[in-house]
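Colleague: I'm new to reading protein models. Could we go through one together, with you explaining how each term is earned?

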Amino acid sequence: MIKFLGYYIICIMKVNLEAIKDLLLGVEKPSRYTGGEFGVPEMQESAFDFCMCFPDLYEVGMSNLGIKIVAESIRKRGFCADFCFAPYKDFGRGLKERGAPLYSLALKKPLKEFDMLGFSLQFELCYTNVLYMLDLAGIPLLRSERKDGSYPLIAVGGPCAVNPEPLADFVDVVFIGDGESIDADVAEIYVKHGGATEEFYKEISALDGVYCPALTRPVYEGGRIKEFEGVAKIKKALVKNLDGAVFPEEFAVPNCESVHDRAVIEVMRGCYRGCRFCQAGFIYRPVRRRSVETLTAQACALIKNTGYDEVSLNSLSTGDYPRLRELLKSLKQGLPDGVKLALPSLRADSFDGDFAQDSRRVSLTFAPEAGSQRLRDVINKDITLEEILRAAESAFDAGYSAVKLYFMLGLPTETDEDLEEINRICAYIKGAYRKKPRAKQLRISVSCSTFIPKPFTPFQWESQASEQEIERKQNVLKQTLRVKGVNLSWSDNFTARLEAVLARGDRRLCKVIMNAYENGCIFDSWDKELNKNGWIKAFADTGTDMREYTRERNEDEILAWDFIDVGVTKKFLLSERKKAYCGSVTGSCLSGCKGCGLQPDCEAANGGGK
Amino acid sequence: MIAFRYTKTDGAEYLSHLDLLRHIDRTLKRAQIKVKTSEGYNPHPRIFMNNPLGLGVKSVAEYCAADCDCTGDFAEAFNASSPSGIKCLAYREVAENPNFAYTIKSCGYCAEGIAAFDPEEILSRKSIVLTDTRGRQTDIRERIYALEFKDGKLFFTAGCGEKNLRPDFFCAFLEKTFGGRTHSVLKLCAFGENTF
């Protein structure tokens, strides 16, 4: 009876699109909010209703593979998994004005009526958008205000979850590591206990990859963390075999064009390289690969079911996939004519003109990250100018006429000489282009982002250069970059600083984030939306100094994310930090195991991987 | 070449024209109906649509032609692979591009929610000048071909193509003049030498 009643209430609680028609017609791209995409499976309410939430726009979220995998894993267990994306300001405002709640796309069910909302944290600047979505859903932001059990569980996962503390006061469950099975395991346990009971929390917190902030408390002494009360180390969830892992055969084809509107296969997870600034290179270890057979089958199924004409071969470094040539051949044979292949993450040393032969792209992106060989050795980029030039030449010969170069400013040990070397790279690339007569004029764009020290990297102890220092470095670059026709751009200084604070933040930042949201900060990663004053006020009003978070950490200090175990040992990270200061390159895992701590689960460490 | 009539309902009325084209292209790909491509530097599928429909206007009379060969039942194949709001209602084999964007001269619509008024009141006017979203002033009177109330619903025929009258604009004008609130505009049919 109660169940029947519950069902009845849910039924009348659905959001009716006709009722908000005038709102839909008054906003930009209404098809973001209507659902009904081709390829969305038939959905019905189930014993456990999950809504995968993405704290960015529809077009961005619909291109994300991770959330599709998590939703698929939940559906595979017989539960419902719907989607919701952050609405743009016009629609969000309209919902609020009408008192209409934020709803899921397929069922049009208010988010408040779900059993669990899972937010995917792709980067730190989306944190206020998580609060924005909760607020639009009519869900109290703070966990302490949701105690009566009438609200869904609020969960987060994704790369930023490796340091979940800045969101600790808002969330009930944090998923750390691979999302293929852990989210669905928690769903089953929830159903078993009939809700988020004490037993439920006890059982899930014993699992690898689950962190419940309510059960732990950091203890401070003199402004530094002294200990974590109530928590032992939390190991990340690890999927050992990607070939057997859940992968959707069908994608929902977005109503309006998404940022990467194409089919995606995940060739590998993890990276053999270990560039010292790169968080993904450490938290996704060990490298796991899918077989050529699995990848071909997945790509063919996706193309057949979606009608896309492009497949992207995703990984952190697709050129390191040992059977890449074989894979490309197999895909070309298996896929219908005219389907393009995209290789978005190729290192310069693995780029080969052959890979580009049949696509008509004009622009190629390289990421040398640092101007000089010395600095590239410091960050373990393990790439030489010769390799960059060889790759550029082979790209030019294949018809490319534009090069994008990514660099970082403010890397540890960086000097002005290192910055001046960026000019030299541009000059050499121009020289390589001029070796042969070519039809078009070469375009070079240099994009400099600010270095942000991230947890679980060998640079997690480093300070971030001050805004003044970064500005000075940008000026040095402007003055020394003398090659004509180079287009120089850089990231916003305040944004980089904010990202750095949030990345290595602790639980004390919850009140800053809350405050910033109340000051109207959302879509912080957008240049035109960033509300710098709102953030500055939030830091000031809460008495929080940004410098406390961008400062260098002592090596013996307890870090806010130390209770999380991503498998890479602190000892290894420290040794990598030392090697960085000696300018010593560690090199790829494929050239021999470097002993990062994940050897028992690592194919490459055990002689495989070639 | 196949010419077909299809719907734009069930949420598809919120799709922009370009997104709609993309959906038709992908539907045909999923249905494994091979569409010929243009022979240029940037080949694109030879799919020809009628004029864009205003956002939010539903339709059961959108027309499209695709340069393809389809041996089986085109509608069945298309509908098995199309989004729920885009469904083929009728189709026929044609020798050449019917050029719906040019040949469709007027369309019939049905609007609900506008307060009842005497159609003669509009039809007897000599001129009705409206300002469109781009600030241009247009006399729409000569673009209204028929207007009548039936069962509380307003049925009207308006110009399309060169002498286009956006049905949602027209309804907004009627709302302003006679009151009520349009909650649905549906395109029922299109008139032109090649429609069916």
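Modeller: Happily! Keep in mind that this is a predicted model. Let's begin with helix H10 (residues 292–306) and helix H11 (residues 324–334) of chain A, which pack at an angle of about 35 degrees with their axes 10 Å apart. H10(A) and H11(A) cross in a right-handed way.

Colleague: Which residues make that contact between H10(A) and H11(A)?

Modeller: From H10(A) come Val292(A), Leu295(A), Thr296(A), Ala299(A) and Cys300(A). H11(A) brings Glu326(A), Leu327(A), Ser330(A), Leu331(A) and Gly334(A). Sorted by class, the residues in this contact are 6 nonpolar, 3 polar and 1 charged.

Colleague: Now to another pair. Why is H7(A) called roughly antiparallel to H8(A)?

Modeller: Look at the angle: the axes of helix H7 (residues 182–193) and helix H8 (residues 198–205) of chain A cross at roughly 155 degrees and come within 9 Å. Angles over 145 degrees count as roughly antiparallel, so H7(A) and H8(A) earn that name. Their crossing is right-handed.

Colleague: What makes up the contact of H7(A) with H8(A), by class?

Modeller: There are 5 nonpolar, 1 polar and 3 charged residues. Among them are Val186(A) and Ile189(A) of H7(A), and Phe200(A) and Ile204(A) of H8(A).

Colleague: Why is helix H17 of chain A described as largely enclosed by the rest of the structure?

Modeller: Because 11 of the 11 residues of H17 (residues 493–503) are buried. The buried residues include Phe494(A), Arg497(A), Glu499(A) and Leu502(A). Among the elements covering them are helix H6 (127–137), strand E17 (443–450) and helix H16 (467–480) of chain A.

Colleague: What caps the N-terminal end of H17(A)?

Modeller: That is Asp492(A), with a side-chain oxygen 3.3 Å from the backbone nitrogen of Phe494(A).

Colleague: One last residue, then. How do you know whether Arg32(A) is buried or exposed?

Modeller: We compare its value with the cut-off. Buried means under 20% relative accessible area, and Arg32(A) has 5%, so Arg32(A) is buried. You'll find Arg32(A) in the loop between helix H2 (21–26) and strand E1 (49–54) of chain A.

Colleague: And what makes the pairing of the Arg32(A) and Glu59(A) side chains a polar contact?

Modeller: A polar contact needs N or O atoms within 3.5 Å, one able to donate a hydrogen and the other to accept it. The side chains of Arg32(A) and Glu59(A) make such a contact at 2.9 Å. Arg32(A) also touches other residues, including Leu57(A), Tyr88(A) and Cys256(A).

Key: Residues are numbered from 1 along each chain as its sequence is written. Chains are lettered from A and ligands numbered from 1 in the order in which they are written. This is a predicted model: local features need pLDDT of at least 70, side-chain atom pairs count only at pLDDT 80 or more; totals for chains, interfaces and linings use all residues. Side-chain values use heavy atoms; hydrogens and water are left out. Helices (H or I, at least four residues) and strands (E, at least two) are DSSP runs, numbered from the N terminus. Buried means under 20% relative accessible area, exposed over 50%, partly exposed in between (1.4 Å probe, protein chains only). Contact means heavy atoms within 4.5 Å. Axes are lines fitted to C-alpha atoms, for helices over the stretch in contact, and angles run from 0 to 180 degrees between N-to-C directions. A crossing is left-handed if the near helix is turned anticlockwise from the far one by less than a right angle, and right-handed if clockwise. Ala, Val, Leu, Ile, Met, Phe, Trp, Tyr, Cys and Pro count as nonpolar, Asp, Glu, Lys and Arg as charged, and the others, Gly among them, as polar. Angles under 35 degrees count as roughly parallel, over 145 as roughly antiparallel, 65 to 115 as roughly perpendicular and the rest as oblique. Lists of a residue's contacts leave out its neighbours within four places in sequence.
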